[in-house]
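The following exercises are to be worked through with the sequence and the model at hand. Each task is followed by a solution in steps.

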Amino acid sequence: MLLYMIRHGESTANPMRRHAGWAQVPLTAKGEQDALVARETLKGIEFDAVYSSDLVRALQTKEIALPGISFEITPLLREINVGELAGKLPDEATAIYGEKYLADKARADFHDYGGENREEHEARMVAFLHLLEKSPVPRVAAFSHEGTMCRMLEFVQGMSTPVKRHCKNGGVCIFEHKEGAWHLVHWEDR
């Protein structure tokens, strides 16, 4: 099975690096262009199943990249929940919470802000992979978020110490499931 993970196009939160988390932030005009680039990358590939995060930026990207293709919406593909930090700039959060915020952000632990931590985020992503494994099909497309794709990369590569990788908006990363394990095929850095 090949899993094409597509990061949403640029959202209104991305240019200023605002925390978005589970906030429903739409694509920018550039984000729509990013989705068109993804469309070109995916052109000619027939998918047996298509999934999308239920957050609007991923849904909009799916509709532009694979218009008219039926798909399933799942919250398993959401970005990490940052709770009350959603919409805040890192400088604003630092001014409010100080060094604690910086340490929590580095660990991806947003519990104290009403969100979730790295382990909970990864558990959602792993649940999605297990869902795919139960009914394997040759090609799957999934529209998601950079943080979720990074958790997947860490899981697939067995990293105990997270390494921050970036995937460009509208980027397509490919994973393969064979012989009972997931493997990275292609990572699209920004």
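**Exercise 1. Two loop residues**

Is Glu179 buried or exposed? Compare the answer with the position and backbone of Glu179, and then treat Arg17 in the same way.

*Solution.* The model is a predicted one.

Step 1. The relative accessibility of Glu179 is 80%. A residue counts as exposed over 50%, so Glu179 is exposed.

Step 2. Glu179 is placed in the loop between β5 and β6. Its phi is near 50°, a positive value in a residue other than glycine.

Step 3. Arg17 belongs to the loop between β1 and α1. With a relative accessible area of 56%, Arg17 is exposed. Arg17 has a positive phi of about 65°, although it is not a glycine.

**Exercise 2. The sheet**

In what order do the six strands of the open sheet lie, and which strands stand at the edges?

*Solution.*

Step 1. The order is β3-β2-β4-β1-β5-β6, and the pairing is mixed.

Step 2. The strands at the edges are β3 (72–73) and β6 (181–186). Each has a single partner strand, so one side of each is left without a neighbour in the sheet.

Step 3. In general, the strands of a sheet pair through backbone hydrogen bonds, either parallel or antiparallel. Strand β1 runs parallel to β4, to which six bridges join it. With β5, strand β1 pairs in the antiparallel sense over five bridges.

Step 4. Leu2 can be followed to both neighbours: its bridge partner in β4 is Arg139, and in β5 it is Glu176. Tyr4 stands opposite Ala141 in β4.

Step 5. Five of the six residues of β1 are buried, so this strand is largely enclosed by the rest of the structure.

Step 6. Helix α2 (residues 56–65) lies across β1, β2, β3 and β4 and runs at about 135° to β4.

**Exercise 3. Aromatic pairs**

How many aromatic pairs does a search of the whole structure find? Classify the pair of Tyr4 and Phe47 and the pair of Tyr51 and Phe128, and locate the residues in the chain.

*Solution.*

Step 1. The search finds five aromatic pairs.

Step 2. A pair of aromatic rings is described by the distance of the centres and the angle of the planes. For Tyr4 and Phe47, the ring centres are 5.2 Å apart and the planes stand at 85°. Planes over 60 degrees apart count as edge-to-face, so this pair is edge-to-face.

Step 3. Tyr4 lies in strand β1 (residues 2–7), whereas Phe47 is in the loop between α1 (29–42) and β2 (49–52). The pair therefore ties together parts that are 43 residues apart in sequence. Both Tyr4 and Phe47 are buried.

Step 4. The rings of Tyr51 and Phe128 also have centres 5.2 Å apart and planes at 85°, so this pair is edge-to-face. It links strand β2, which holds Tyr51, to helix α5 (residues 118–134), which holds Phe128, across 77 residues. Tyr51 is buried at 10% relative accessibility, and Phe128 is buried at 1%.

**Exercise 4. Around Tyr113**

Which residues do ring pairs link into a cluster, and what else does Tyr113 touch?

*Solution.*

Step 1. Ring pairs join Tyr97, Phe110 and Tyr113.

Step 2. Tyr113 is in the loop between α4 (99–107) and α5. It is buried, with a relative accessible area of 3%.

Step 3. Beyond four places in sequence, the contacts of Tyr113 include Val82, Gly83, Leu85, Tyr97 and Asp104. Tyr113 and Val82 are 31 residues apart in sequence, and their C-alpha atoms are 6.7 Å apart in space.

**Exercise 5. The nonpolar cores**

Which residues touch the most other members of the largest nonpolar core?

*Solution.*

Step 1. This core has 23 residues, and those that touch the most other members are Leu3, Met152, Phe175 and Trp182.

Step 2. The elements that give two or more residues to this core are β1, β2, α5, β4 (139–144), α6 (146–157) and β5 (172–178).

Step 3. Leaving aside neighbours within four places in sequence, Trp182 is in contact with residues including Met1, Leu3, Leu129, Met152 and Phe175.

Step 4. Apart from the largest core lies another, of 13 residues, among them Ile6, Leu42, Phe47 and Leu66.

Notes:
Residues numbered from 1 in each chain as written. Predicted model: local features only at pLDDT ≥ 70, side-chain atom pairs only at ≥ 80, totals over all residues. Heavy atoms only, no water. Phe/Tyr/Trp six-rings, centres within 6.5 Å; stacked < 30°, edge-to-face > 60°. Helix = DSSP H or I, 4+ residues; strand = E, 2+ residues; numbered from the N terminus. Buried < 20%, exposed > 50% of the residue type's maximum accessible area, 1.4 Å probe, protein only. Core = buried A, V, L, I, M, F, W, Y, C linked by side-chain atoms within 4.5 Å. Contact = heavy atoms within 4.5 Å. Pairing = 2+ DSSP bridges. Axes fitted to C-alpha atoms, helices over the stretch in contact; angles between N-to-C directions.
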